[in-house]
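This report describes one protein chain, from its overall build down to selected residues. The sequence and structure come next.

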Amino acid sequence: MEKELQLVFTTDQNKKKIITVANPREDVTLDEAQAAMQVLIEQAVFENASGELPEIAETRMHTCNMTELL
């Protein structure tokens, strides 16, 4: 089972931008994730075609179960 922490921002053009962290700690809390997101916003670390990332939209843990058929 693979896990990803997805940090979802709203850009200054009102679009969603997802930053994915592979293999996060099992015990990551909402407060820790949002604090990290706030640092990314304050430091203006990321910018893309959809604009800067001024706002936290959501934080989620994505879990994927894969079954090989071959």
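## Burial and surface

In this predicted model, 21% of the 70 residues of the protein chain count as buried. The chain exposes about 5300 Å², and carbon and sulfur atoms supply 49% of that area.

Charged side chains number 6 positive and 13 negative. The centres of these two sets lie 5 Å apart.

## Fold and overall dimensions

The secondary structure comes to one helix and five strands. Read along the sequence, these elements follow the pattern β-β-α-β-β-β. The radius of gyration is 14 Å, well over the 11 Å that the globule rule gives for 70 residues, so the chain is more spread out than a compact globule. The C-alpha trace spans about 45 × 25 × 15 Å along its principal axes.

Contacts between residues distant in sequence are also part of the picture. Among contacts with a separation of 6 or more, 61% join residues 24 or more positions apart.

## The nonpolar core

Nonpolar side chains tend to be buried together in soluble globular proteins. Here the largest nonpolar core has eight residues: Leu-5, Leu-7, Phe-9, Ile-19, Ala-33, Met-37, Ile-41 and Leu-53. Strand β1 and helix α1 each supply at least two residues of this core.

Two members of the core can be followed through their contacts. Leu-5 lies in strand β1, which covers residues 2-10. Leu-5 counts as buried because its relative accessibility is 9%, under the 20% limit for that class. Leaving aside residues up to four places away in sequence, Leu-5 touches Ile-19, Thr-20, Val-21, Pro-24, Val-28, Ala-33, Thr-59, Arg-60 and Met-61. With the same exclusion, Ala-33 touches Leu-5, Leu-7, Val-28 and Thr-59. Val-28 and Thr-59 thus appear in the contact list of Leu-5 and in that of Ala-33. Asn-65 is 60 residues from Leu-5 in sequence, and their C-alpha atoms are 15 Å apart in space.

## Partly exposed positions in β1 and α1

Glu-2 is also found in strand β1. With a relative accessibility of 47%, Glu-2 counts as partly exposed, whereas Leu-5 in that strand counts as buried. Beyond residues up to four places away in sequence, Glu-2 touches His-62, Thr-63, Cys-64 and Met-66. The C-alpha atoms of Glu-2 and Thr-63 are separated by 5.8 Å, although these residues are 61 positions apart along the chain.

In helix α1 lies Ala-36. This residue is partly exposed, with a relative accessible area of 38%. Ala-36 and Val-8 are 28 residues apart along the chain, and 12 Å separates their C-alpha atoms.

## Loop residues with positive phi

Which residue in the loop between β1 and β2 has a positive phi although it is not a glycine? The residue is Asn-14, with a phi of about 60 degrees. Its loop leads from β1 to β2, and β2 covers residues 16-22. Asn-14 counts as exposed because its relative accessibility is 67%, over the 50% limit for that class. Pro-54 is 40 residues away from Asn-14 in sequence, and the C-alpha atoms of the two are 9.8 Å apart.

Ala-44 is another residue other than glycine with a positive phi, in this case near 50 degrees. Ala-44 lies in the loop between α1, residues 30-42, and β3, residues 47-48. At 49% relative accessibility, Ala-44 counts as partly exposed, while Asn-14 in the β1–β2 loop counts as exposed.

Conventions. Residues are numbered from 1 along each chain as its sequence is written. This is a predicted model: local features need pLDDT of at least 70, side-chain atom pairs count only at pLDDT 80 or more; totals for chains, interfaces and linings use all residues. Side-chain values use heavy atoms; hydrogens and water are left out. Helices (H or I, at least four residues) and strands (E, at least two) are DSSP runs, numbered from the N terminus. The radius of gyration is taken over C-alpha atoms; the globule rule is 2.2 Å times the number of residues to the power 0.38. Buried means under 20% relative accessible area, exposed over 50%, partly exposed in between (1.4 Å probe, protein chains only). Contact means heavy atoms within 4.5 Å. Accessible areas come from the Shrake-Rupley method with a 1.4 Å probe; for residues, only the protein chains shown count as cover. Lys and Arg count as positive and Asp and Glu as negative; His and the chain ends are not counted. The place of a charge is taken as NZ of Lys, CZ of Arg, CG of Asp or CD of Glu. A nonpolar core is a set of buried Ala, Val, Leu, Ile, Met, Phe, Trp, Tyr and Cys residues joined through side-chain atoms within 4.5 Å.
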